[in-house]
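Grab your viewer and work through the exercises below. Try each one yourself before you read its solution.

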Amino acid sequence: MSNSTEFETISDEQLATAVGGSQLSDAMAQARSMGLRITSTTGGRHAPRSYHYQGRAFDAAGSHAQMSALYRALQGTNPTELFYDPMGGIKHGRQIGAIGGHRDHIHVAY
Ligand SMILES: [Zn+2]
């Protein structure tokens, strides 16, 4: 047995999950499949310490019906943050209500 095999124990998939990437990319794919536009990932202007800067958040825009549907679809997936003012807001599993500034897009973080 060579030493090199000991460094191949973590798959790319496991790594992505460890930093929240897999759930995030799944949610982005779901948003696109529902007809929403991804308007921001790591770029743009966001609150200080925003999850956007860590590559853990995205914003998506569409019709009210589309954004409401995405909110409902994701609210049971344990998102770190889920903000869409007309529907409310979730942060770390807690319902925190509308936080403001999120009427024209939905913010998702894992
Ligand atoms: Zn955002």
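**Exercise 1: Lay out the sheet**

β2 and β6 run antiparallel to each other, paired over four bridges. Starting from that pair in this predicted model, work out the strand order of the sheet and find its edges.

*Solution.*

Step 1. Get the inventory: the chain holds three helices and six strands. Reading from the N terminus, they come as α-α-β-β-α-β-β-β-β.

Step 2. Look at the other partner of β2. Strand β1 (residues 37-40) pairs with β2 over three bridges, in the antiparallel sense.

Step 3. Now pick out D59. On one side, S40 stands opposite D59 in β2; on the other, D59 stands opposite H107 in β6.

Step 4. Go to the far end of the sheet. Strand β4 (residues 88-91) and β5 run antiparallel, joined by two bridges. There, I90 stands opposite Q95 in β5.

Step 5. Put it together: the six strands form an open sheet in the order β1-β2-β6-β3-β4-β5, with antiparallel pairing. Its edge strands are β1 and β5 (94-95), each of which pairs on one side only.

**Exercise 2: Is β2 enclosed or open to the outside?**

Decide how β2 sits in the rest of the structure.

*Solution.*

Step 1. Recall the neighbours: β2 pairs with β1 and with β6.

Step 2. Check burial residue by residue. Four of the five residues of β2 are buried, so the strand is largely enclosed by the rest of the structure.

Step 3. Set this beside the whole chain, where buried residues make up 25% of the 110 residues.

**Exercise 3: Find the buried side of α3**

Which residues of α3 are buried, and how are they arranged around the axis?

*Solution.*

Step 1. List the buried ones: M67, L70, Y71 and L74.

Step 2. Check their directions. These residues cover an arc of only 100° around the axis, which puts them on the same side of α3. The general rule helps here: an α-helix has 3.6 residues a turn, so residues three or four places apart point the same way.

Step 3. Turn to the opposite face. The face of α3 turned away from the buried side carries A65 and R72, which are exposed.

Step 4. Ask what the buried side meets: the buried residues of α3 pack against α2, β2, β3 and β6.

**Exercise 4: Assemble the nonpolar core**

Which elements supply the largest nonpolar core, and which residues touch the most other members?

*Solution.*

Step 1. Start with the residues. The largest core has 21 of them, and L70, Y71, I106 and V108 touch the most other members.

Step 2. Map the core onto elements. At least two residues each come from α2 (21-33), β2 (57-61), α3 (64-74), β3 (81-84) and β6 (106-109). The top contributor is α3, with four residues.

Step 3. Zoom in on Y71. Beyond its neighbours within four places in sequence, Y71 is in contact with L82, Y84, M87 and I106.

Step 4. For background, nonpolar side chains in soluble globular proteins tend to be buried together.

**Exercise 5: Compare two loop residues**

Are P79 and S63 buried or exposed?

*Solution.*

Step 1. Place them. P79 is in the loop between α3 and β3, while S63 lies in the loop between β2 and α3.

Step 2. Count neighbours. P79 has 23 C-beta neighbours inside 10 Å, so P79 counts as buried. S63 has 10 other C-beta atoms within 10 Å, so S63 is exposed.

Step 3. See what P79 touches: apart from neighbours within four places in sequence, L74, I90, V108, A109 and Y110 are in contact with P79.

Step 4. Follow P79 to α2, where L24 lies. L24 and P79 are 55 residues apart in sequence, yet 8.9 Å apart in space, C-alpha to C-alpha. L24 itself touches R56, F58 and Y110, not counting residues up to four places away in sequence.

**Exercise 6: Where should you trust the model less?**

Which stretch has pLDDT under 50, and how many contacts does it make beyond four places in sequence?

*Solution.*

Step 1. Take the overall score: the chain averages a pLDDT of 86, and 82% of the residues score at least 70.

Step 2. Look for the dip. Over residues 1-5 pLDDT stays under 50, and the model has zero contacts for them beyond four places in sequence.

Methods
Residues numbered from 1 in each chain as written. Predicted model: local features only at pLDDT ≥ 70, side-chain atom pairs only at ≥ 80, totals over all residues. Buried ≥ 20, exposed ≤ 12 C-beta atoms within 10 Å, placed from the backbone. Core = buried A, V, L, I, M, F, W, Y, C linked by C-beta atoms within 7 Å. Contact = placed C-beta atoms within 7 Å. Pairing = 2+ DSSP bridges. pLDDT = per-residue confidence, 0-100. Arc of directions from axis to C-beta.
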